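Please examine how one helix is enclosed by its surroundings, and then how the interior as a whole is assembled.

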Amino acid sequence: MKNLIDNTVEFVKEKLEGAEAGHDWFHIERVWKLSKKIAETEECSQEVVELAALLHDIADPKFHNGDETIALKVSREFLESQNASEEVIEKVLFIIKNISFKNREEAPKDLPIELKIVQDADRIDAIGAIGIGRTFNFGGFKNNPMYDPNVEPKLNMSKEEYKKSNGTTINHFYEKLLLLKDLMNTEKGKEIAGERHDFMLKFLDQFYKEWNVD
């Protein structure tokens, strides 16, 4: 297992060189570490958890015209080249396919614990101080307005609406980030997410005070 994980780390680092800062190797590394931390509290396949955490954003659809098949293809080819078993490959690909926030309505209801762990880790990295930094970085990357008091958040967007959304960065907190705490699967995930959620609320309070020169 050690060699496979080490090789996957090197593969992902190389593949994501020059990626947008919110979806780069450092994001993957944080999700990997969080996944291992949560996995310590659950009965699961450590190998599947680590591989899925490392490969989950190998080809994020946001940067590939919405194509969700590239990540699955790239991950399968890599894992086959490493002689991973078909069982492990299928489990990792299932997680990659079903992990994202926008796909939550399409995902099967009875999810394996490995997916729950990596999903929690990925969502935790989208909130708190890191989440705030990533959100503003991506908003800048897309040249979205930081905030517009006249533009309301769009709640309950469909998958297609969410993919096409170019709202303000602050609205993204209400459209996604503040919802993540209540979507956690594991007890450890809920614990970590609660603290980061509270930090975002404090940030938003301060943001509005400064915006309104209060």
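The cover over the buried residues of H6 includes H2, H3, H5 and H10, where contact means heavy atoms within 4.5 Å. Helices (H or I, at least four residues) and strands (E, at least two) are DSSP runs, numbered from the N terminus. This is a predicted model, in which local features need pLDDT of at least 70, side-chain atom pairs count only at pLDDT 80 or more, and totals for chains, interfaces and linings use all residues. Residues are numbered from 1 along each chain as its sequence is written, and side-chain values use heavy atoms, with hydrogens and water left out.

Because 10 of its 12 residues are buried, H6 is largely enclosed by the rest of the structure; buried means under 20% relative accessible area (1.4 Å probe, protein chains only). The buried residues of H6 include Glu114, Asp120 and Arg123 as well as Leu115 and Ile117. The end C-alpha atoms of H6 are 16 Å apart, which agrees with the 16 Å expected at 1.5 Å a residue, the expected span being 1.5 Å times one less than the number of residues.

The protein has 10 helices and zero strands, and buried residues make up 46% of its 214 residues. The largest nonpolar core (buried Ala, Val, Leu, Ile, Met, Phe, Trp, Tyr and Cys residues joined through side-chain atoms within 4.5 Å) holds 55 residues, of which Val12, Leu54, Leu55, Leu79, Val92 and Phe173 touch the most other members. Among the helices that each supply at least two residues of this core are H1, H6 and H10. Leaving aside residues up to four places away in sequence, Phe173 touches Ile132, Thr135, Phe136, Leu178, Met200, Phe203 and Leu204.

Methods. Buried means under 20% relative accessible area, exposed over 50%, partly exposed in between (1.4 Å probe, protein chains only).
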